[in-house]
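Open the model in your viewer and keep the selection panel at hand. The stops below suggest what to select next and say what is found there.

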Amino acid sequence: MQMQSLTLRGGVPSARRAAPPPASSAHLAAAGPCLLRVPRSLRRRRPRSLRASASLEQEVKEVAPAPSAGKSSQATRRDVRNIAIVAHVDHGKTTLVDSMLRQAKVFRDNQVVQERIMDSNDLERERGITILSKNTSITYKGTKINIIDTPGHSDFGGEVERVLNMVEGVLLVVDSVEGPMPQTRFVLKKALEFGHAVVVVVNKIDRPTARPEFVVNSTFELFIELNATDEQCDFQTVYASGIKGKAGLDPENLANDLGPLFEAILRCIPEPRIEKDGALQMLVSNTEYDEHKGRIAIGRLHAGELQRGMEVKVCTPDDSCRVAKVSELFVYQNFSRVPVESVGAGDICAVCGMSDIMIGETIADKVTGTPLPTIKVEEPTVRMSFSINTSPFVGREGKYVTSRNLRDRLYRELERNLAMKVEDGETADTFLVSGRGTLHLTILIENMRREGYEFMIGPPKVINKTVDGKTLEPYEIAAVEVPEEYMGSVVELLGKRRGQMVNMEASGPEGTTLLKYKIPTRGLIGLRNAILTASRGRAILNTIFDSYGPWAGDLSSRDQGSLVAFEDGSTTSYALLNAQERGVLFVQPGQDVYKGQIVGIHQRPGDLAINVCKKKAATNVRSNKETTVVLDEPLSYSLDDCIEFIQEDELVEVTPASIRMCKNPKISKKK
């Protein structure tokens, strides 16, 4: 292959320089190899030449066989690209995928398409975040591009780690104002560890306060910090506006479509390397369930050819294998699964007919198949207890209330959620569930209550480690964007939680400051609400797991006690009028409560038992005017708020229709 030297172009053009002609797909196709957009200030640090990309005319190119390949020939498929889109939460991944699907003519011209089409889960649409990774594909100039949309929140990092097994490259989406954020570091680190090629997409370039040169510089420095190879540091930068469906190689000169982005994918994302004539091998990276087809295994075919109706061997990492048969076979085409008779190596497919298939297992040749290395994810850091509902209201609203129902549902979650662990608790009706963070576990709880389950959960606790007789606890990096006028309150709050300041810098021209702290994970419990209160709702908190470190000492996460119901009954306006003088209430008149239920926040430390069901005594003395009772608006706490609020001796009662908090009768309050 001929070597071609590339001249590194400068960063963002100045206002005085004449604007180049508009970019088009034809110009980009003729550009050949990846054009590098390394910042001018860093140009001298990474000079090198790159190999030019070969022509796209040939679908499969034979190369020299690898030493370990034996007689099977190594090849690259030229008609397929497999990419994952990764980014920090709210940097525009799913919106960018929407525009890519529309411009690839996936939908009919008259078809009504909702926004964030990839966020199909109800919880995803309600919360505005991506929770589950999903597959789709488009066809551009005869090349099939398999796209995997991934979550952006650190608690769902297990989803990102799984799907990176199926791709050869990633699109790293970075906000044009915020730049690299904590989750950007996490997903990029994982992609670099896999050796994947990276195309950096500076999204939301149309924002008035966009600063693309700063963002590209920061991203390049992040590559250096993560020990990226020279080839990985030579990343292609594409500037885009996902919501407008425009992209270009220059921030001030975008094309009218996403053609420059598609061309960058074809040029810079490597073709899948396969063993064309090797024994069948497919690593299961994801599973889905269909009412009619049963469990569906999803993964990329590494070697051989998979056919509908063929008998295969399902292998596990411990070399225990079983025989199965492929009943149906699908590939991803546009926004749906399409049945096919066979799938060649290098493509992503979905397989039916194996009811007991698990993530991490290998679908291999029936005779000579061997397992691929299994999928490994990072260990969980937070644990919560799940137990059956023991309140007086048990069974009123839920369909599944027994310990067997709860056990079966939790262990079924392990089949697809590799980042979660379930253990039996101290009693037969208690289970310990471990996850990446409170949000990770909250999503599971919310899904279970919508399915009709009724149960109780305890407060979140961090998972510590003991090394050489010393207790180590998990630490996280917390990034807080806060307006300058509230910075003092936020800094004081983080200091009380044993946080250590790592960095402080101005965040754009909007008068906000970005604070970075290293803080114990247990210090983050309840921190989000406290920061929102201290900043009048204007601060933004993002966290990412960093490492295990020395025990930081005792810390207090809540200064106020709870108001606890004194007896069973229905609340009255008369009782609530007196009770609201003691603090902030959660209940309103006419609401059923039980003894031990938390009905409000005490204005002082320590709990206070109050009677919210007391009725006004009837007398024979008449007044000329009825007394008007004016009650404050009760405080409405969501599931996330309740989990962050409860203390060691408190529980959250979760039912399909209600979320209540109560004192744990098994734990006596220690004064």
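Begin by selecting Cys 662, which is buried at a relative accessible area of 4%, where buried means under 20% relative accessible area, exposed means over 50% and partly exposed lies in between (1.4 Å probe, protein chains only). Then select Cys 321, which counts as partly exposed because its relative accessibility is 41%. The number of disulfides comes to zero, a disulfide being a pair of cysteine sulfur atoms within 2.5 Å.

Before going further, note that this is a predicted model, in which local features need pLDDT of at least 70 and side-chain atom pairs count only at pLDDT 80 or more, while totals for chains, interfaces and linings use all residues. Residues are numbered from 1 along each chain as its sequence is written, and side-chain values use heavy atoms, with hydrogens and water left out.

**The open sheet**

Next, display the seven strands that form an open sheet of mixed pairing, in the order S6-S7-S5-S8-S9-S10-S11. At its edges are strand S6 (134–140) and strand S11 (246–248), each of which pairs on one side only, and the twist from one strand to the next averages 30°. Helices (H or I, at least four residues) and strands (E, at least two) are DSSP runs numbered from the N terminus, and two strands pair if DSSP finds at least two bridges between them. Strands of a sheet pair through backbone hydrogen bonds, either parallel or antiparallel.

Zoom in on S6 and strand S7 (residues 143–149), which pair in the antiparallel sense over seven bridges. Select Ser 137 here, and its bridge partner in S7 is Asn 146.

**Helices H2 and H8**

Now add helix H2 (residues 93–103), which lies across strand S5 (80–87), S6, S7, strand S8 (169–175) and strand S9 (197–203), and runs at about 150° to S5. Axes are lines fitted to C-alpha atoms, for helices over the stretch in contact, and angles run from 0 to 180 degrees between N-to-C directions. H2 is mostly covered, with eight of its eleven residues buried, among them Leu 96, Val 97 and Met 100. The cover over these buried residues includes S5, S6, S7, S8, S9 and H8.

Select helix H8 (residues 259–268) as well: ten of its ten residues are buried, including Gly 259, Phe 262, Arg 267 and Cys 268.

**Leu 172 and the H5–H6 pair**

Return to S8 and pick Leu 172, which has its place in that strand and counts as buried because its relative accessibility is 1%. Leaving aside neighbours within four places in sequence, its contacts include Val 86, Thr 184, Leu 188, Val 200 and Phe 223, contact meaning heavy atoms within 4.5 Å. Leu 172 and Leu 188 are 16 residues apart in sequence and 7.4 Å apart in space, C-alpha to C-alpha.

From Leu 188, show helix H5 (residues 182–193) and helix H6 (residues 212–225), whose axes come within 10 Å and cross at roughly 50°. H5 and H6 are therefore oblique to each other, since angles under 35 degrees count as roughly parallel, over 145 as roughly antiparallel, 65 to 115 as roughly perpendicular and the rest as oblique. The crossing of H5 past H6 is right-handed; a crossing is left-handed if the near helix is turned anticlockwise from the far one by less than a right angle, and right-handed if clockwise. To see the interface, select Thr 184, Arg 185, Leu 188 and Leu 192 in H5, which meet Leu 222, Phe 223 and Glu 225 in H6.

**The H11–H13 pair and Met 501**

Move on to helix H11 (residues 487–496) and helix H13 (residues 527–534), which pack at an angle of about 155° with their axes 9 Å apart. That makes H11 roughly antiparallel to H13. Their contact is made by Ser 489, Val 490, Leu 493 and Leu 494 of H11 and by Leu 527, Ala 530, Ile 531 and Ala 534 of H13.

Select Met 501 in strand S30 (residues 500–506), a residue that is partly exposed with a relative accessible area of 41%. Neighbours within four places in sequence aside, Met 501 is in contact with Val 491, Leu 515, Lys 516 and Tyr 517.

**Last stop: Thr 655**

Finish in the loop between strand S39 (650–654) and strand S40 (659–663), where Thr 655 is found. Is Thr 655 buried or exposed? At 1% relative accessibility, Thr 655 counts as buried. Not counting residues up to four places away in sequence, Thr 655 touches Asn 389, Glu 397, Arg 449, Tyr 453, Glu 454 and Arg 660.
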